[in-house]
Amino acid sequence: MRLYDYAASGNCFKVRLLLGMLGVEYERVPIDIFGGDTLTCEFAMINPLRETPVLELDGGERLGQSNAILWYLGEGTPFLPEGRLERGQVAQWLSFEQERVMGGLGGPRFRLLTGRATPEQVEPRLATGRGALEVLDGHLAARDWLVGDAPSIADLGLFPYVSVSPVEIPEHVAAWLDRVRALPGFVDDFVTYPENARPGAGSSIY
Ligand SMILES: N[C@@H](CCC(=O)N[C@@H](CS)C(=O)NCC(=O)O)C(=O)O
């Protein structure tokens with residue numbers, strides 16, 4: 001198994017988290033997004049969306065979209081519940097992650113850290129992020145995990161961009177982040193953006 005991976009991507013980090021917790025051996029293929037690696041014809045053959053992560057199976061089949069990869073890897077493991085309702089709830093949180101957490105926390109953080117936007121410019125997005133954290137906090141006030149009573153791919157999917165939130169993390173969300181960090185096999189290899197991520201320093205579709 002091979003993972004086309006960018007170390008500073010939360011979408012890639014969530015896949016590395018699950019692979020680590022499952023103890024799956026894999027080859028990590030570093031993709032330097034701002035070095036232009038996703039702009040090559042070779043990469044377009046790997047993923048026409050020119051995005052990471054991409055999981056490549058031993059038979060050569062490829063899967064993109066981080067949360068689809070989590071689902072694929074989680075199937076048949078304790079990280080994906082079997083009940084119909086619980087699976088629906090996992091899908092619900094994974095969609096929430098892409099829409100509200102990535103859009104409201106991950107995106108503005110990227111723009112702020114790489115000098116693409118001022119705090120004023122990202123404020124509307126951060127308002128979405130604060131709202132997402134409030135929803136999460138309310139949900140986690142009465143439970144340890146997002147779905148059922150055990151950690152699932154929903155928790156791992158939301159962890160990366162929440163853990164580096166550019167806005168204040170509420171109490172119950174902070175306690176949940178610590179519970180995820182304490183899971184066996186947790187590896188914190190989420191790095192910050194490199195120098196070539198600054199505008200004009202590298203080449204990418206951004
Ligand atoms: N919805 C996609 C988003 C993937 C995505 O935005 N990947 C970014 C890194 S976080 C990327 O690889 N961008 C490369 C590029 O656009 O050149 C997923 O969940 O996998």
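A salt bridge here is a side-chain nitrogen of Lys or Arg within 4 Å of a carboxyl oxygen of Asp or Glu. By this rule the count comes to 13 salt bridges. The model is predicted. The protein chain falls into two parts: domain 1 (2-77 + 189-197) and domain 2 (84-181). A ligand is present, with 15 residues around it.

**How the domains meet**

- The centres of domain 1 and domain 2, taken over C-alpha atoms, are 20 Å apart.
- On the domain 1 side, 20 residues are in contact with 20 residues of domain 2.
- The size of an interface is often given as the accessible area lost when the parts come together.
- For domain 1 and domain 2, the buried area is about 1,700 Å². Carbon and sulfur atoms hold 65% of it.
- Three residues stand out on the domain 1 side: Asn67, Trp71 and Tyr193. They supply 33% of the area that domain 1 buries against domain 2, more than any other three residues.

**Polar links between the domains**

- Domain 1 and domain 2 are joined by 2 salt bridges.
- There are also 8 residue pairs in polar contact between domain 1 and domain 2, counting pairs with both residues at pLDDT 80 or more.
- Helix H1 (10-22) and helix H3 (66-74) each give at least two residues to the side of domain 1 that touches domain 2.
- H1 makes the largest contribution to that side, with 7 residues.
- By class, the side of domain 1 that touches domain 2 has 10 nonpolar, 8 polar and 2 charged residues.

**Individual salt bridges**

- Lys14 pairs with Glu97 in a salt bridge. Their closest N and O atoms are 2.9 Å apart.
- Arg16 and Asp189 also form a salt bridge through their side chains, at 3.0 Å from N to O.
- The Arg16 and Asp189 pair links distant parts of the chain, with their positions 173 residues apart. Arg16 sits in helix H1, while Asp189 belongs to the segment after helix H7 (171-181).

**Around the ligand**

- Of the 15 residues around the ligand, those that come nearest are Thr38, Thr52, Gln65, Ser66 and Gln98.
- Thr52 uses its backbone: an N or O atom there lies 2.6 Å from a ligand oxygen atom.
- Ser66 uses its side chain, where an N or O atom is 2.6 Å from an oxygen atom of the ligand.
- Gln98 has a polar side-chain atom 2.7 Å from a nitrogen atom of the ligand.

**Backbone features in one loop**

- Most residues other than glycine have a negative phi, and most peptide bonds are trans.
- Arg50 is not a glycine, yet it has a positive phi of about 55°. Arg50 is placed in the loop between H2 and E3.
- Thr52 and Pro53 are joined by a cis peptide bond, with omega about 5°.
- Pro53 lies in the loop between helix H2 (41-46) and strand E3 (54-56).
- Thr52 thus appears twice: in the cis peptide bond with Pro53 and among the residues that come nearest to the ligand.

Note on methods. Residues are numbered from 1 along each chain as its sequence is written. This is a predicted model: local features need pLDDT of at least 70, side-chain atom pairs count only at pLDDT 80 or more; totals for chains, interfaces and linings use all residues. Side-chain values use heavy atoms; hydrogens and water are left out. Domain bounds come from an automatic or database domain assignment. Contact means heavy atoms within 4.5 Å. Buried area is the accessible area (1.4 Å probe) that two parts lose on being put together, summed over both. A polar contact is a pair of N or O atoms within 3.5 Å; within protein, one must be able to donate a hydrogen and the other to accept it, and residues adjacent in sequence count only if both atoms are side-chain atoms. Helices (H or I, at least four residues) and strands (E, at least two) are DSSP runs, numbered from the N terminus. Ala, Val, Leu, Ile, Met, Phe, Trp, Tyr, Cys and Pro count as nonpolar, Asp, Glu, Lys and Arg as charged, and the others, Gly among them, as polar. A residue is near a molecule or strand if one of its heavy atoms lies within 4 Å of it.
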